[in-house]
Amino acid sequence: MSEQPGPPVQPEDRPGGRPAGEPPAGQPRTQRGGWRALWLGGIALLTSFFFYPLGLVLGIAALVVGIRARRAARDASGSAPGAVPGIVLGSVGLAFSVLSVSLTVFLWSELSGYQNCLSTSNTATDEQACQDEFYPRIEDKLGLPSGSMEQYGDLL
């Protein structure tokens, strides 16, 4: 067996002469990272309203992925579409989640007492008694005007 001099023969499954370690043709890595950051940021924003611990984690992930995609795009002189909106959405979702977590920690005793009171109530009168007891406590702790929890108390 003799080796022939000259350029190596490219396999048929590697058109264009790409080296064996290079990813297949398609979107560059920076573009995928930008889109991934956008998806993570959007989901972080949505979950920050309903399940804020997950919004907290996804917001951080969107920031990390978006910043890494921007840096990789800058180093490769390419673009990372979706990275900046992903960073913005992730930041907003993260801010809402941090606000929700800190508000929950701040109002923990009032909220847990209110939930315990509601779990033991059997009638609408009992539920109203729970509201009459805990709504003024929450208003005092947050510095809200008296009676303002009547409007938004159903959110608890």
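Here are four short exercises, each with a worked solution, on a predicted model of a protein chain.

**Exercise 1. Describe the overall make-up of the protein chain: how many helices and strands are there, and what share of the residues is buried?**

Start with the secondary structure. The chain comes to six helices and zero strands, so the order of elements from the N terminus reads α-α-α-α-α-α. Next, turn to burial: 27% of the 156 residues count as buried. Then look at the surface, where the accessible area is about 10900 Å² and carbon and sulfur atoms hold 62% of it. Finally, take the contacts between residues with a separation of 6 or more; 57% of these join residues 24 or more positions apart.

**Exercise 2. Find the disulfide in the structure and work out which elements the disulfide links.**

A search of the whole structure gives one disulfide. Its partners are Cys117 and Cys130, with an S to S distance of 1.9 Å. That pair qualifies because the cut-off for the two sulfur atoms is 2.5 Å. Now place the two ends: Cys117 sits in helix α4 (residues 108-120) and Cys130 in helix α5 (residues 124-142), and the two are 13 residues apart. As for geometry, the torsion about the S-S bond is -85 degrees, and the link is left-handed.

Are the two cysteines buried or exposed? Buried means under 20% relative accessible area. Cys117 has 18% and therefore counts as buried. Cys130 has 2%, so Cys130 is buried too.

**Exercise 3. Characterise Leu107: where does Leu107 lie, and which residues is Leu107 in contact with beyond its neighbours within four places in sequence?**

First, locate the residue: Leu107 belongs to the loop between α3 (83-106) and α4. Second, check its exposure. Its relative accessible area is 4%, which means that Leu107 is buried. Third, list the contacts. With neighbours within four places in sequence set aside, Leu107 touches Ile138, Lys141 and Leu142. Last, take one of these partners, Leu142: the C-alpha atoms of Leu107 and Leu142 are 8.7 Å apart in space, while the residues are 35 apart in sequence.

**Exercise 4. Examine Ser148: in which loop does Ser148 lie, and which backbone oxygen lies 2.9 Å from a polar atom of its side chain?**

Begin with position: Ser148 is in the loop between α5 and α6 (149-152). Continue with accessibility: the relative value is 18%, so Ser148 counts as buried. Then follow the side chain. A polar atom of the Ser148 side chain is 2.9 Å from the backbone oxygen of Pro145.

Methods:
Residues numbered from 1 in each chain as written. Predicted model: local features only at pLDDT ≥ 70, side-chain atom pairs only at ≥ 80, totals over all residues. Heavy atoms only, no water. Buried < 20%, exposed > 50% of the residue type's maximum accessible area, 1.4 Å probe, protein only. Contact = heavy atoms within 4.5 Å. Areas by Shrake-Rupley, 256 points an atom, 1.4 Å probe, with all protein chains shown as cover. Polar contact = N/O pair within 3.5 Å; in protein donor to acceptor, adjacent residues only side chain to side chain.
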